[in-house]
Amino acid sequence: MNPSDIPILPLGSHVSMSGREMMLGSVREALSYGANTFMLYTGAPQNTRRKPLSEMRLEEAHALMAAQHMQPFVVHAPYIINLANTLNAETYRLSVEFLIQELIRTDGMGSRILILHPGSHVGAGAAAGIESIAKGLNDVLSASPNVLVALETMSGKGSELGRSFEELAAIYDRVQRPERLRICFDTCHVHDAGYDIVHDPEGVLAEFHRLLGKEQIAVFHINDSKNERGAAKDRHADIGEGKIGFETLYWFVHHPDFPDVPRILETPWYPDPEHPGKMRPPYREEIQWLLTANRPKTFPRA
């Protein structure tokens, strides 16, 4: 795809960042999918090992983004951060300290948005977990650069918090600097949490607006779901292959109220028919389908 053909609509996917190319490789991967934005982790999401910014090839990455007219990108915080944990003081302390460092890295890499799973109360109850998240965010936001923290809507798996708009609003209400908060609206998670985005997407957005404000949505995660509504399981499906369906996801991608909000695909890779034993990303196909509404009725991967 030529730069002049890349749409203004910010649409991309999760990409990797590893090896010698680091962020430069992330930009090249996104461009290979026909994307004009992307999401990455600053390192493996399961651990705290991170390379210094000086080794991430940031200048080359930003130069390529500018040359290809790419939109701003977003960063996702690692899964190991859990500000809601009141039962393990060490886990909470490490979560606060590492989240501060992730915000510093996000700023240094040139992104203004860090997506964060609110956390899991691990048995202490939602009220205790929400208070702990707010306390942690107050500590983090007072000691970090002016990057927005986008709390992700969650499916409600286990003791996850952020499974309802009310829980997210309760965190906002308790944070001293709510202007630093935003929301990452994940279609799979919202569906799995019980919201009927298939039959009443306008109603769901109206409820979100009543409790939080649509202007708080800073990122969309565009994912289909393998589960029935309300299953609270968080199992992503490829676009049009799940219980949400292509039409609903296309509706979210093209909603006129969010012209500058990045839309990020996190859909599963699938077996490569040309290379047995290997997996292929679906993003190039899915980006084209979501831009043009021309998804084939017969799935072309078998």
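# Group meeting talk: pockets, a helix and some rings

The second largest pocket here has a volume of about 210 Å³. Hello everyone, and before I go on, please keep in mind that this is a predicted model.

Let's stay with that pocket for a moment. Its lining is made of 15 residues, and M17, S18, Y41, G43 and A44 are the ones nearest its centre. Sorted by type, the lining of this second largest pocket has seven nonpolar residues, five polar ones and three charged ones.

Now for the largest pocket. How much space lies in it? The value is about 450 Å³. Its lining has 22 residues, with Y41, H76, Y79, H117 and D234 lying nearest the centre. In this lining, 10 residues are polar, seven are nonpolar and five are charged. If you have the structure open, try finding Y41: it is listed among the residues nearest the centre of the largest pocket, and it is also listed for the second largest pocket.

Next, let's look at a helix. Helix α1 covers residues 22-32, and eight of its 11 residues are buried, so the rest of the structure largely encloses it. Which residues of α1 are the buried ones? They are M22, M23, L24, G25, S26, V27, E29 and A30. And what covers them? The covering elements include two strands, β1 (11-14) and β2 (37-40), and two helices, α2 (58-67) and α3 (89-109). After α1 comes G34, a residue with a positive phi, near 80°.

That brings me to backbone angles. As a rule, most residues other than glycine have a negative phi. With that in mind, look at H69, which is not a glycine and yet has a positive phi, near 60°. You will find H69 in the loop that runs between α2 and β3 (74-76). Is H69 buried or exposed? It is exposed, because its relative accessible area is 54%, and the cut-off for exposed is over 50%.

A second residue to look up is A232. Its phi is also positive although it is not a glycine, with a value near 55°. A232 sits in the loop between β8 (224-225) and β9 (236-237). With a relative accessibility of 27%, A232 counts as partly exposed.

Let's turn to cysteines. A disulfide is a covalent bond between the sulfur atoms of two cysteines. How many disulfides are counted in this model? The count is zero. Take C184 as an example: the closest cysteine sulfur belongs to C188 and is 12 Å away, which is too far for a bond. To be counted, the two sulfur atoms would have to lie within 2.5 Å. C188 is likewise in no disulfide, its nearest cysteine sulfur being that of C184. As for accessibility, C184 is buried, at 0% relative accessible area, and C188 is buried with a value of 0% as well.

My last main topic is aromatic rings. A pair of rings is described by how far apart the centres are and by the angle of the planes. In this model the count comes to 13 aromatic pairs. One of them is F38 with F73, a stacked pair with 5.0 Å from centre to centre and 10° between the planes. This pair joins distant parts of the chain, since F38 is in strand β2 and F73 is in the loop between α2 and β3, 35 residues apart. Both F38 and F73 are buried.

Now compare that with F165 and F185. Their ring centres are 6.4 Å apart and their planes are at 40°, so this pair is tilted. Here too, distant parts of the chain are linked: F165 belongs to helix α5 (residues 165-174) and F185 to strand β6 (residues 181-186), 20 residues apart. F165 is buried, with a relative accessible area of 1%, and F185 is buried at 0%.

Which residues do ring pairs link into a cluster with F165 and F185? The others are Y195, F208, F220, W251, F252 and F258.

One final stop is E285, in helix α9 (residues 283-292). E285 is partly exposed, with a relative accessible area of 21%. Its C-alpha atom is separated by 25 Å from that of E152, and the two residues are 133 residues apart along the chain.

Thanks for listening, and do ask about anything that was unclear!

Terms used:
Residues are numbered from 1 along each chain as its sequence is written. This is a predicted model: local features need pLDDT of at least 70, side-chain atom pairs count only at pLDDT 80 or more; totals for chains, interfaces and linings use all residues. Side-chain values use heavy atoms; hydrogens and water are left out. Buried means under 20% relative accessible area, exposed over 50%, partly exposed in between (1.4 Å probe, protein chains only). Helices (H or I, at least four residues) and strands (E, at least two) are DSSP runs, numbered from the N terminus. Contact means heavy atoms within 4.5 Å. On a 1 Å grid over the protein atoms alone, a cavity is a set of points where a 1.4 Å probe fits but cannot get out, and a pocket is an open set with protein on both sides within 12 Å along at least five of seven lines; lining residues have an atom within 4 Å of a point. Grid points are joined across faces, edges and corners, and a volume is the space filled by probe spheres set on the points. Ala, Val, Leu, Ile, Met, Phe, Trp, Tyr, Cys and Pro count as nonpolar, Asp, Glu, Lys and Arg as charged, and the others, Gly among them, as polar. Rings of Phe, Tyr and Trp (its six-membered ring) pair if their centres lie within 6.5 Å; planes under 30 degrees apart count as stacked, over 60 as edge-to-face and the rest as tilted.
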